[in-house]
Amino acid sequence: MAKGLLVTYALWAVGGPAGLHHLYLGRDTHALLWMLTLGGGGLGWLWEFWKLPSFVAQANRPQRQRQSSVGRTPPLSFIRFVAQVIVGIYFGLVALISLSFMANFYIVGLPLAVGLGVLLVAAVGNQTSDFKNTLGAAFLISPIFYGRPVAILPISLAASITAQKHRRYKTSVGSETLSVRLYRLGLAYLAFTGPLAYSTFCNTAATLSYVAETLGSFLSWFSFFPLLGRITESVFLLPYRIWRLLVGDPGFSNNSFREWEKLYEFVNSFQDEKRQLAYQVLSVSEGATNEEIHRRYRELVKIWHPDHNRHQTEEAQRHFLEIQAAYEALSQPRKPKGSWRSSQQH
């Protein structure tokens with residue numbers, strides 16, 4: 001049955017962030033991506049307004065024309081590459097919040113989550129990529145940054161580059177019933193949201209701590225690039241600004257950002273507490289120099305490295321991860337309190 005453009009626009013307007021129009025057009029991967037990211041944070045949903053006619057034309061293309069593209073390499077897309085990196089980071093952050101308690105998380109769970117996020121974007125539309133090579137790149141990079149949340153970024157970059165290198169057009173498959181497609185989408189959605197929901201409802205305090213710590217770690221990546229950090233914070237604020245416009249308050253004074261400032265201060269409070277715990281883990285004073293911290297870190301790593309404690313592997317691994325996290329926390333430059341507020345005022 002031919003797909004209608006008006007119906008597509010209607011579904012886009014009513015349930016666009018949930019991917020209803022993509023489900024109607026048979027773009028199940030794109031629908032799942034929108035379900036998990038709420039339409040790409042709203043930005044992807046708005047940007048699609050001009051792309052819907054091409055999506056409808058692609059859905060109505062005869063099977064014979066679709067088969068003619070198989071075997072050729074799709075053109076390189078910078079937008080798809082950036083989306084792969086961003087969604088890979090997003091999947092990694094969600095996994096860090098909900099699954100970091102697992103043993104060998106940084107070796108198995110984190111690269112798997114990031115790689116699946118990259119592959120999800122790679123499979124949008126009529127394209128896909130090589131599953132084994134993309135996940136292989138993610139698993140190869142992860143041991144280099146073992147125990148560090150910053151590993152999300154290089155893993156996502158490596159997986160995205162590999163996915164772009166092995167991009168190809170999808171082979172045509174037989175049509176499936178709507179119930180089968182919905183069943184598959186439901187399982188994928190539950191696999192993503194289930195662990196996060198469990199952590200939120202069954203261990204709320206720890207989840208809030210993980211969220212604050214993860215957000216703080218993410219923002220700290222940009223400590224050495226102030227301009228990029230301000231751009232990132234502006235991106236975080238964009239949904240709030242759009243909401244203020246929709247409710248009829250176009251003024252963006254400092255009073256408009258009270259809720260964000262509360263969140264920012266909440267993150268800072270956890271970051272301060274994290275540094276206090278880090279000093280305790282490394283058994284150094286708060287006034288310790290970088291050289292003293294580094295020397296103590298090297299000593300503790302030698303003592304608690306899992307390879308040197310095969311008789312107590314689990315305990316050694318736990319201490320080893322704590323030491324790694326503590327050293328990373330103390331290695332990051334401290335951002336002065338109120339710096340975000342002052343940057344907004346200027």
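**Figure 1. Close-up of residues 6-25 in the predicted model, a span annotated in UniProt as a transmembrane region.** The end C-alpha atoms of residues 6-25 are separated by 12 Å. Helix makes up 75% of this span, and strand 0%. The annotation is taken from an unreviewed UniProt entry, which also places the feature at residues 32-50, 78-98, 105-125, 137-161, 182-198 and 218-238.

**Figure 2. Buried and exposed faces of helix H1 (residues 5-15).** Thr8, Trp12 and Gly15 are the buried residues shown for H1. Viewed down the axis of H1, its buried residues fall within an arc of 110°, so they line one face of the helix. Leu6 and Val14 are exposed and are carried on the face of H1 turned away from that buried side. An α-helix has 3.6 residues a turn, so residues three or four places apart point the same way.

**Figure 3. Packing of helix H1 against helix H5 (residues 52-59).** Two packed helices are described by the angle between their axes and the distance between the axes. For H1 and H5, the angle is about 125° and the axes lie 10 Å apart. The two helices are therefore oblique to each other. The crossing in which H1 passes H5 is right-handed.

**Figure 4. The annotated span 105-125 and the crossing of helices H8 and H10.** Residues 105-125 form one of the transmembrane regions placed by the unreviewed UniProt entry. The C-alpha atoms at the two ends of this span are 31 Å apart, and its content is 86% helix and 0% strand. Helix H8 comprises residues 105-122, and helix H10 comprises residues 152-165. Their axes come within 9 Å and cross at roughly 40°. H8 and H10 are therefore oblique to each other, and H8 passes H10 in a right-handed crossing.

**Figure 5. Distribution of buried residues around helix H9 (residues 131-141).** The buried residues of H9 are Thr134, Leu135, Ala137 and Ala138. Around the axis they cover an arc of only 150°, which puts them on the same side of H9. Lys132 and Leu140 are exposed on the other side of H9.

**Figure 6. Two residues other than glycine with positive phi, leucine 38 and serine 283.** Phi of leucine 38 is near 55°, and this residue is found in helix H3 (residues 28-41). Leucine 38 has a relative accessibility of 59% and therefore counts as exposed, the cut-off being over 50%. Phi of serine 283 is near 60°. Serine 283 is placed in the loop between helix H14 (258-282) and H15. With a relative accessible area of 52%, serine 283 is exposed.

**Figure 7. Extent and faces of helix H15 (residues 290-304).** H15 contains 15 residues and reaches 21 Å from its first C-alpha to its last, close to the 21 Å expected at 1.5 Å a residue. Ile293, Tyr297, Leu300 and Val301 are buried in H15. Down the axis of H15, its buried residues fall within an arc of 105°, so they line one face of the helix. The face turned away from the buried side of H15 carries the exposed residues Glu291 and Lys302.

Note on methods: Residues are numbered from 1 along each chain as its sequence is written. This is a predicted model: local features need pLDDT of at least 70, side-chain atom pairs count only at pLDDT 80 or more; totals for chains, interfaces and linings use all residues. Side-chain values use heavy atoms; hydrogens and water are left out. Helices (H or I, at least four residues) and strands (E, at least two) are DSSP runs, numbered from the N terminus. The expected span of a helix is 1.5 Å times one less than its number of residues. Buried means under 20% relative accessible area, exposed over 50%, partly exposed in between (1.4 Å probe, protein chains only). The arc is that of the directions from the helix axis to the C-beta atoms. UniProt positions are given in the numbering used here, feature names are shortened, and annotations may be inferred rather than shown by experiment. Axes are lines fitted to C-alpha atoms, for helices over the stretch in contact, and angles run from 0 to 180 degrees between N-to-C directions. Angles under 35 degrees count as roughly parallel, over 145 as roughly antiparallel, 65 to 115 as roughly perpendicular and the rest as oblique. A crossing is left-handed if the near helix is turned anticlockwise from the far one by less than a right angle, and right-handed if clockwise.
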